[in-house]
Structure formats: structure tokens, C-alpha cells
Amino acid sequence: MTETTESKGKTLVKKFFSMNGAAVFVAMIVVAIVFEIVLQITHAGSSSGLLFITPSNLMMILRQQVYIGIIAFGMTLVMLTGNIDLSVGYMLTFLCSVTAKVMMSTNNTFLTVLAVLAVGLLCGLFNGVLVSYVRLNSFITTLGASSIYSAFALIVSSGTVLVIDANCAPSFRALGTSSIGPIHILIVWFVLVAVVLGLLLSKTVYGQQLYMIGANPVAARFSGIRFKKNTTIAYVILGLCVALAAIIMMANSLSSNPQSASGAEMEVILCVVLGGCAVSGGKGSVWGTIIGVLFYGILSAGFTSLHMSQYLQWVVMGAIMLFALSLDVLQSKGVKLWKRK
């Protein structure tokens, strides 16, 4: 009886760790506990109770990562195909400027949302066509596109900070500041995009084809999968995700700095990689990306609570990304990272 219980326990543990993002989930819990212990030691006698692991603090961390998370969900689809998009940071900046400009000109929520989604779709289509049909390297292509979007952001904003009037259409403000019951609207957007794209990957033929394209593009081509079209659609979905992030970001902050989101692409890629998505493609999930986003948010909030400088945080985050990418490359080459007894 005992052996049967132990074997079932081992089987459940194996199944858990075989899930995408399971190891990162455990690491996230451990890191949160470590931050809590360190803060309790450094703030001994000044306060009582939990300092870091509190419901309000965790909800605040999630709200701060909503914009990065929504873009990371779209990036997951692109990286599943074995490609990448380094332009999402400046694309976000550009679309924030477009949101501010249209809203300041029309004060119409519907026209603003429609215009920004259309521009985001065109940005994604532009990247997707160059990568899929023109067959340019995704790294170089999107790196060049980031310069274009950066220039567009400066042109639209005239190099200045655009500020939307606080008395603008209430429906626009509601997109980023309202609540549904006790749940903030930003978290609703985060969950909604995660559910839609999660179902797209797990329950549709298109989602399964993305996995096949990334795992073996040659076999996918000969099996009749339209890899060019599917890859382009993945880039279009990413562009729409960036547009949605820009809309709710502007609805929340009402100001757009033409340089505010530069570097966001590294945060997005780090979240996706931490979630277990292989850079070479064919492996990953929206569930894993959610864990990656939360893990990144806890790391960032913990370092801030410990009064770590922003520059040192970048060093640590860069080291974590290099470590995660190294593990991914080693595993893709068949290197066993540990030996089983």
C-alpha cells in the first residue's frame, strides 16, 4: 500500500515537472520566499506581518506586468515558429503615440481603438511578410524595423511628450482604469488575451501547425502546411497584441513619451524564454509565458524593494536571460543537464 502511494506520488511529481513552465513556477515561489525572508531581516522591528507576499502586493505586481504580458503572449506565437521580433518595444512606443494623437484629435474612443488596431495589424503584417515571404532573417529584419518604428514615433509625436486631456471620453479612460467588481480592468485584459491565445494554440489546427513549423519546418512544408501564411498570421497577432497594450497603457497613463518603451522587447523575450519557450521553435505555451511574466514581475519588484539600482537590475536580468538561453541551447542539442539514477 505504501509502495503504491509512493509510486503515485512520484508519478504526479514527474507529470508536474513535465509541464511547460513547472520548474520556473517552483523557482518563482522559492524566489518570492527568499525576498520575504530578506525583507523581514532588513526591516526587523519596524513592522509586523508579511512585507512582500501579500495579496495587494502580488496584484500590484501583476498589474504592472500586464502590458509586457499581453505582448509576450503574442511573442509566444512568433517564437513557436522559430522566429523572433525585436521591434515590439519601439512598435509599442509608436502605437502609444498614434493612440495619443488620434484621441487628442477626435476624442472618439471607437475611432481611436480602430485606428490603433489597424496600424498594429499593418506593423505585424509588414514584419511577417518580410520574414515569411521575402525570407529575410527575423533577427535582422525586426531589428531594422525597430529603427523605422522609432522614427515614426518621433514623427507622430514631433519629439515631444503627448498628453491626453484628463477630461477625454470616459469610455476611453474606462479601458485602463475601471474595474469589474473587485478585479481591475488591466487584469481582465491580461486574462482575456491569455485565454484566447491559449485556446488558439491548444484547441485549433492553426495552433498545432505553429508547433510543427517550429519543430521541423521542412517536414511541415512537405506535409502541406502553409508555413509562410501561418508565420505571417503569428506576426499579425503579435502586432494586434502590441496595439492592445498601447491602447490600455494610454488609457491608464494619458501620456506618451516617444522613448518610454524602448527596451521593452528584452523584457518580453525574457518572459517568454523563462516560460519555457524554445528560441529554436516548436516548444512553448501561453501557460508557461504567464509563469514567465509573473516570475519577471516578482524579480523586478523584489529588486526594487531591496533598493537595487536600475542598472544593476539590468545586469541581473541580462544574466538570467543568458542562463535561460544557454540551458535552452544545451537541451536542444541533446545535452543532459543532470543524470538520472
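**Pocket, helix α12 and aromatic pairs in a predicted model**

The second largest pocket contains about 740 Å³ of space. Its lining comprises 31 residues, and those nearest the centre are Q65, E267, Y296, S300 and Q310. Five helices, namely α3 (55–64), α4 (66–80), α13 (264–274), α14 (286–305) and α15 (310–332), each contribute at least two residues to the lining of this pocket. By chemical class, the lining of the second largest pocket consists of 17 nonpolar residues, 13 polar residues and one charged residue.

The structure is a predicted model, and confidence varies along the chain. The mean pLDDT of the chain is 86, with 87% of its residues at 70 or more. Helix α1 (residues 2–18) has the lowest confidence, with a mean of 59, whereas helix α6 (residues 109–132) has the highest, at 96.

Helix α12 was examined for its length and its surroundings. This helix covers residues 227–253, and its 27 residues should span 39 Å at 1.5 Å a residue. The C-alpha atoms at the ends of α12 are 39 Å apart, in agreement with that expectation. Of the 27 residues of α12, 21 are buried, and the helix is therefore largely enclosed by the rest of the structure. I233 belongs to helix α12. With a relative accessibility of 30%, I233 is classed as partly exposed, because this value falls between the limits of 20% for buried and 50% for exposed residues. The C-alpha atom of I233 lies 7.3 Å from that of G128, although the two residues are 105 residues apart in sequence.

Backbone geometry was considered next. Most residues other than glycine have a negative phi. L254, which follows α12, has a positive phi near 65 degrees and is not a glycine. L254 is located in the loop between α12 and β4 (255–256), and its relative accessibility of 9% places it among the buried residues. A positive phi, of about 60 degrees, is also found at S158, another residue that is not a glycine. S158 occupies the loop between α7 and β1 (162–163). In contrast to the buried L254, S158 counts as exposed, with a relative accessibility of 56%.

Five aromatic pairs are present in the structure. In one of them, the ring centres of F35 and F303 are separated by 5.7 Å and the ring planes meet at 90 degrees, so the arrangement is edge-to-face. Because F35 is in helix α2 (residues 22–42) and F303 is in helix α14, this pair ties together parts of the chain that are 268 residues apart in sequence. F35 and F303 are both buried.

A tilted aromatic pair is formed by F94 and F152, with a centre-to-centre distance of 5.5 Å and an angle of 50 degrees between the planes. This pair likewise links distant parts of the chain, as F94 lies in helix α5 (residues 88–106) and F152 in helix α7 (residues 138–157), 58 residues apart. The two rings differ in accessibility class: F94 is buried, with a relative accessible area of 9%, while F152 counts as partly exposed at 36% relative accessibility. Together with Y149, F94 and F152 make up one aromatic cluster.

Note on methods
Residues numbered from 1 in each chain as written. Predicted model: local features only at pLDDT ≥ 70, side-chain atom pairs only at ≥ 80, totals over all residues. Heavy atoms only, no water. Helix = DSSP H or I, 4+ residues; strand = E, 2+ residues; numbered from the N terminus. Expected span 1.5 Å × (residues − 1). Buried < 20%, exposed > 50% of the residue type's maximum accessible area, 1.4 Å probe, protein only. 1 Å grid on protein atoms, 1.4 Å probe; cavity = no way out; pocket = protein on both sides within 12 Å on 5 of 7 lines; lining within 4 Å. Points joined across faces, edges and corners; volume = space filled by probe spheres on them. Nonpolar A, V, L, I, M, F, W, Y, C, P; charged D, E, K, R; others polar. pLDDT = per-residue confidence, 0-100. Phe/Tyr/Trp six-rings, centres within 6.5 Å; stacked < 30°, edge-to-face > 60°.
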